[in-house]
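Visitor: Please take one helix of this model and examine it closely, together with what surrounds it. I should like a connected account that I can follow on the structure itself.

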Amino acid sequence: MKRNIVIATVAVAALVGGGTATALAVTGDDEAPAKQQQSGVRVADDDRDDRDDRDDDRNDSADDDRDDRDDKADRAEDAAKAKAAEVTAADAIRAALKSIPGTAVSADLDDEGSSVVWDVDVLSSGGAWHSVRIDPGTGKVLGSQAENDDDADDTAEARAALKGTSVTAVEAAEAGAAKGKVTSVDLDDDGRVSAWDVDTTAANGTEKEWKVDAKSAAVTADRDSDD
């Protein structure tokens, strides 16, 4: 149940002699905008797009080579991002819940420009959705965003999926950690059986998808995944 919430609005001014960039996060209807902190964890940018441009006119064999290079670059980037995250998914969720009490519904290790952050979605007891950003290097809360739009459908789906479950997002992340470095935990609100979708990334960048039973915490391979 991945929810794409705008975390911050960043205005960049490119001026001769220098400029400034300011990021603001809205934490509530009546609260003043708070300065959004940046993650200290960064990964190197790749030049995959540049290679794509140069390879556009090559023959089929060259295109295959390009795809192979892109796959390797993707795996290398995924491996670097997972390695850079010293704070586990479970600990990131715990930190988010200390900041915003409620029920964690997802946690994703996301790119934010050249930085990496844990993005944790929390459903408060009052039904409000919050996206909490956690530094994957320190576990520090970088900021949070409350969504003020009507989330009745998302809330109903989440509560229906959580009904009768006993395994939390933290416990699902801990269960998935037995299979590799967890980079995503997400409540499965579409399946017939209550479960958490958990993604892991190996040291070589290979990603695998798992199902964690929301009642027993049993971990099985996701049969619906492309892998």
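**A helix and its surroundings**

Guide: The secondary structure of the chain comes to 5 helices and 11 strands; helices (H or I, at least four residues) and strands (E, at least two) are DSSP runs numbered from the N terminus. The model is a predicted one, in which local features need pLDDT of at least 70 and side-chain atom pairs count only at pLDDT 80 or more, while totals for chains, interfaces and linings use all residues. Residues are numbered from 1 along each chain as its sequence is written, and side-chain values use heavy atoms, with hydrogens and water left out.

Two totals for the chain serve as background. Of its 227 residues, 42% are buried, where buried means under 20% relative accessible area, exposed over 50% and partly exposed in between (1.4 Å probe, protein chains only). Among contacts with a separation of 6 or more, 52% are made by residues 24 or more positions apart, a contact being heavy atoms within 4.5 Å.

The part chosen here is helix α5, residues 169-176. This helix is mostly covered, with 6 of its 8 residues buried. The buried residues are Ala169, Val170, Ala172, Ala173, Ala175 and Gly176. They pack against one helix, α3, and against the strands β4, β8, β9, β10 and β11.

The helix partner comes next. The axis of α3 (residues 89-99) comes within 8 Å of the axis of α5, and the two cross at roughly 165°; such axes are lines fitted to C-alpha atoms, for helices over the stretch in contact, and the angles run from 0 to 180 degrees between N-to-C directions. The two helices are therefore roughly antiparallel to each other, on a scale where angles under 35 degrees count as roughly parallel, over 145 as roughly antiparallel, 65 to 115 as roughly perpendicular and the rest as oblique. α3 passes α5 in a left-handed crossing, meaning that the near helix is turned anticlockwise from the far one by less than a right angle, clockwise being right-handed. From α3 the contact uses Ala89, Ala90, Ile93 and Arg94, and from α5 it uses Ala169, Val170, Ala173 and Glu174. These residues divide into 6 nonpolar, no polar and 2 charged; Ala, Val, Leu, Ile, Met, Phe, Trp, Tyr, Cys and Pro count as nonpolar, Asp, Glu, Lys and Arg as charged, and the others, Gly among them, as polar.

α3 has buried residues of its own, namely Ala89, Ala90, Ala92, Ile93, Ala95 and Ala96. The elements that cover them include α5 together with β4, β5, β6, β7 (141-147) and β8.

On the strand side, Val212 of β10 (residues 207-213) offers a useful viewpoint. Val212 is buried, with a relative accessible area of 0%. Its C-alpha atom is 7.2 Å from that of Gly176, although the two residues are 36 apart along the chain. Residues up to four places away in sequence aside, Val212 touches Ala172, Ala175, Ala195, Trp196, Val198, Ala217, Ala218 and Val219. Of these, Ala217 lies in the loop between β10 and β11 (219-221). Ala217 has a positive phi of about 70° although it is not a glycine, and at 27% relative accessibility it counts as partly exposed.

The approach to α5 along the chain remains. Val167 sits in the loop between α4 and α5 and, at 7% relative accessibility, counts as buried. The C-alpha atoms of Val167 and Ala214 are 4.8 Å apart, with their positions 47 residues apart in sequence. With residues up to four places away again left out, Val167 touches Ala172, Trp196, Asp213, Ala214, Lys215, Ser216 and Ala217.

Further back, α4 (residues 152-162) has Thr155, Ala158, Ala161 and Leu162 as its buried residues. They lie on the same side of α4 because they cover an arc of only 135° around the axis, the arc being that of the directions from the helix axis to the C-beta atoms. The face turned away from this buried side carries the exposed residues Asp153 and Ala160. Strands that cover the buried residues of α4 include β4 (103-112), β5 (115-123), β6 (129-134), β8 (181-188) and β9 (195-201). After α4 comes Gly164, whose phi is positive, near 80°.
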